[in-house]
Amino acid sequence: MTSPLILASSSPFRRMLMENAGLHFQAIAADIDERAIEAPLELSGAGPDAVALVLAKAKAKEVSDRFLGSLVIGSDQTMSLGAQVFHKPKSMADAENHLRTLSGKTHRLNSAIALARNGDIIWEHVSHADLTMRELPGDFIHRHLSRVGQKALSSVGAYQLEGEGIQLFSKINGDYFTIVGLPMLPLLEKLRELGTIDG
């Protein structure tokens, strides 16, 4: 008998990816303070991949400690522009600053996954996507944010590619799953290897 599968996330997008793939699982959010984990990492100069991976592992481990015997999927995503790591905008003014900074440049989404069982991390992976934003006129940014409203505050880049955010881009290198924040192809490969899903 295979281990019950748990997604350590409250994200409706990650849940949708898992459901669409035909996986049977529970979604249980991890009880961690992400900012408290991130702060010392940033002070130590940890890169965006490392930050995403540490958070993914922390989520997987916290839920795994509570649900022994289950296979728990933790995931996290960071966004970087060179050495600069971005966080979710706290206000619409913050969102506008994000888009002005990203305008005309290529930024990277770093999506990490970790699997835990009985409190131990048994696998980890990071996938990347590179997104090039077109040059955005300042008045367009303002109009765009007025249209999308508070949705701009729900993602690290202040955009949703599945909505109007697609209009901000000129080029995207990377798969949709990595962009949404749960790299499904390496995850499914590992779940097959573990015998958790039919291979």
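This section describes strand pairing, the setting of one serine, and two helix packings in a predicted model.

Strand 5 spans residues 106-117. Strand 6 covers residues 120-133. The two strands pair in the antiparallel sense, over 12 bridges. Together they form a hairpin with two residues between the strands. In that hairpin, Asn-118 takes a positive phi near 50°. Further along the pair, Ser-111 has Ser-127 of strand 6 as its bridge partner.

Strand 6 also pairs with strand 7, which comprises residues 169-173. This pairing is antiparallel as well and runs over four bridges. Here Met-133 is matched with Phe-169, its bridge partner in strand 7. Strand 6 thus appears in both pairings, with strand 5 and with strand 7.

Attention now turns to one residue of strand 6, Ser-127. In a regular strand, side chains alternate between the two faces of the sheet. Is Ser-127 buried or exposed? Its relative accessibility is 12%. The cut-off for burial is under 20%, so Ser-127 counts as buried. The Ser-127 side chain makes a polar contact of 2.8 Å with the side chain of His-125. Other contacts come from beyond the neighbours within four places in sequence. These partners are Leu-109, Asn-110, Ser-111, Thr-178, Pro-183 and Pro-186. Ser-111 is thus both a contact of Ser-127 and its bridge partner.

The helices come next. Two packed helices are described by the angle between their axes and the distance between the axes. Helix 4 (residues 92-102) packs against helix 5 (residues 138-148). Their axes lie 10 Å apart, at an angle of about 135°. Angles over 145 degrees would count as roughly antiparallel, and 65 to 115 as roughly perpendicular. Helix 4 and helix 5 are therefore oblique to each other. Their crossing is right-handed. On the helix 4 side, the contact is made by Met-92, Ala-95, Glu-96, Leu-99 and Arg-100. Helix 5 contributes Gly-138, Ile-141, His-142, His-144 and Leu-145.

A second packing involves helix 2 (residues 34-43) and helix 3 (residues 48-66). The two axes come within 10 Å and cross at roughly 145°. This crossing, too, is right-handed. Glu-34, Ile-37, Glu-38 and Leu-41 make the contact from helix 2. From helix 3, the residues are Val-51, Val-54, Leu-55, Ala-58 and Lys-59.

Terms used
Residues numbered from 1 in each chain as written. Predicted model: local features only at pLDDT ≥ 70, side-chain atom pairs only at ≥ 80, totals over all residues. Heavy atoms only, no water. Pairing = 2+ DSSP bridges. Buried < 20%, exposed > 50% of the residue type's maximum accessible area, 1.4 Å probe, protein only. Polar contact = N/O pair within 3.5 Å; in protein donor to acceptor, adjacent residues only side chain to side chain. Contact = heavy atoms within 4.5 Å. Axes fitted to C-alpha atoms, helices over the stretch in contact; angles between N-to-C directions. Parallel < 35°, antiparallel > 145°, perpendicular 65-115°, else oblique. Left-handed = near helix turned anticlockwise from the far one by under 90°.
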